[in-house]
Each structure stands twice: as C-alpha cells, then as structure tokens.
Amino acid sequence: HNVLTDVRYTLYLFPFLFLSLGIVIDNLSHNALKIGAVIMLIIASIASYPLHDKGPQEDWRGLAHAIPQNSNRIFLFHPCYLGFSFRYYSRDTAPFYCLYENPEKMYLEIWDGSLSNTIYIITQTHNANPMVESIIKKLHTDFSEQRTDFGSIELITLRRNMSIYISSLGR
C-alpha cells in the first residue's frame, strides 16, 4: 500500500520538516516576518486540530486474544494490508488470504473459496464494502455470523452450521 497516504508512516519526516521550517524562518530578514511566520504556523496548527481523527483506534492485541486457537479455520482480510498487523500480534499459522482482491500485490494470496469450519473476516468498521457483504451473504446458508468491533477493526466470525453440514455429509 502507499505509505505516503497515512501520517503514521511519515512521522520520521517531521523532524526534518520542522528543522527546515526553523531554518527558513531564521533566515527571514525582518523580525516582523519571523513573528508573522510563526503566528501563521500556530494558526494553521490550531485550525487543523479538529481534522485530527479522534475515532476509535485499532485494537490488534485485543483482536488477536479474542480468537481461539483451533486448527480448522482461515483468515480473510479486506483490505489485504490488515494481514500485516494481525500477523504481528497473533503469531498465528492458520491460512491468511485477501478476501477478494489484492490491488497492491501484497504478500497474501486471494481467497480461493475454500471453506473451513470457522472463517474469520477482518475488515475496517469505517470502510463498509458491498462486495464483502455480498460474500458474507452467500455464506449465510452454511454459516452463522457474529460481528465484533475492536476499535476501528471489525471481526466477522462465520461458523459452519454443523447440523446442516452433518446432514449434507449423510447424503
């Protein structure tokens, strides 16, 4: 994914930015220009404060601890880059897939439709996607659904309806 679109990936640039601004302000010829530049920076900072995202933060640790360790499960991520954070906190060895697309060509393969007794779909709560909901709707005939929020991350747990699954095996 594009690391320049999220501020947390560009934090290391801030010291250089502030030093550069300090040098430019220091090299201004008149004290009035220096004071005016500092005042404009303060006003811009105050004006942009309400734009700072104060919504719920991602609770990856809580998400990783909420998922029981069993062998017959798969993880699906949308968008794919959520797999990086989850893998760091969970250290899980279950199969990880992108739910249906991988435009950034991440390390995850696109889900091939293979099923398991438990499917965990990890997505963003603020980024509702019609395709994700369509896939979940198709799985409702064989799976029950439970949704849990972990800050701005949503865990959608799909568990196979065992009574339907066992009766289909008997045919």
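Which residues touch the most other members of the largest nonpolar core? In this predicted model, the answer is a set of five: L63, F75, F77, F86 and I122, out of 18 residues in that core. Several parts of the chain chip in, with two or more residues each coming from α3 (60-66), β1 (73-78), α4 (82-90), β2 (96-98), β4 (118-124) and β6 (153-160). Of these, α3 gives the most, at three residues. There is also another core lying apart from this one, made of 14 residues, including I121, L139, F143 and I156.

F77 shows what life inside the main core looks like. Once neighbours within four places in sequence are set aside, F77 is in contact with L82, G83, F86, F96, Y97, C98, L99, L108 and I122. Two of the names on that list, F86 and I122, turn up again among the five residues that touch the most other core members.

Stepping back to the whole chain, the secondary structure comes to six helices and six strands. Read from start to end, these elements follow the pattern α-α-α-β-α-β-β-β-α-β-β-α. The chain has 171 residues, and 30% of them are buried. About 11,200 Å² of surface is exposed, and carbon and sulfur atoms supply 61% of that area. As for contacts with a separation of 6 or more, 53% are between residues 24 or more positions apart.

Now for the strands. They form an open sheet of six, in the order β3-β2-β1-β4-β6-β5, and the pairing is mixed. At the edges sit β3 (109-110) and β5, each of which pairs on one side only. The mixture is easy to see around β4. On one side, β1 and β4 run parallel and pair over six bridges, with L76 standing opposite I121 in β4. On the other, β4 and β6 run antiparallel and are joined by seven bridges; here T123 stands opposite E154 in β6.

Is β4 mostly covered or mostly open? It is mostly covered, as seven of its seven residues are buried. In a regular strand, side chains alternate between the two faces of the sheet. For β4, both faces are covered: T118, Y120, I122 and Q124 are buried on one side, and I119, I121 and T123 are buried on the other.

Further along the sheet, β5 (residues 143-150) pairs with β6 in the antiparallel sense over eight bridges. Two of the matched positions are R147 opposite I156 and E145 opposite L158. These strands make a hairpin with two residues between them, and G151 there takes a positive phi near 70°. Most residues other than glycine have a negative phi, and most peptide bonds are trans.

That last point leads to a second local oddity, at H78. This residue is placed in strand β1 and counts as buried because its relative accessibility is 6%, under the 20% cut-off. Not counting residues up to four places away in sequence, H78 touches L99, Y100, E101, I122, T123, Q124, N129 and V132. The peptide bond from H78 to P79 is cis, with omega near -5°. P79 itself is found in the loop between β1 and α4.

Not every nonpolar residue is tucked away. A nonpolar patch of about 520 Å² is found on the surface, made by L11, F14, L17, F18, L21 and L41. Helix α1 (residues 14-26) supplies the largest share of this patch, with four residues. L41 belongs to helix α2 (residues 31-48). Why does L41 count as partly exposed? The relative accessible area of L41 is 37%, so it falls between the 20% limit for buried and the 50% limit for exposed.

Notes:
Residues numbered from 1 in each chain as written. Predicted model: local features only at pLDDT ≥ 70, side-chain atom pairs only at ≥ 80, totals over all residues. Heavy atoms only, no water. Core = buried A, V, L, I, M, F, W, Y, C linked by side-chain atoms within 4.5 Å. Buried < 20%, exposed > 50% of the residue type's maximum accessible area, 1.4 Å probe, protein only. Contact = heavy atoms within 4.5 Å. Patch = residues over 30% accessible without salt bridge, like charges linked within 9 Å, V, L, I, M, F, W, Y side chains within 5 Å. Areas by Shrake-Rupley, 256 points an atom, 1.4 Å probe, with all protein chains shown as cover. Salt bridge = Lys/Arg side-chain N within 4 Å of Asp/Glu carboxyl O. Pairing = 2+ DSSP bridges.
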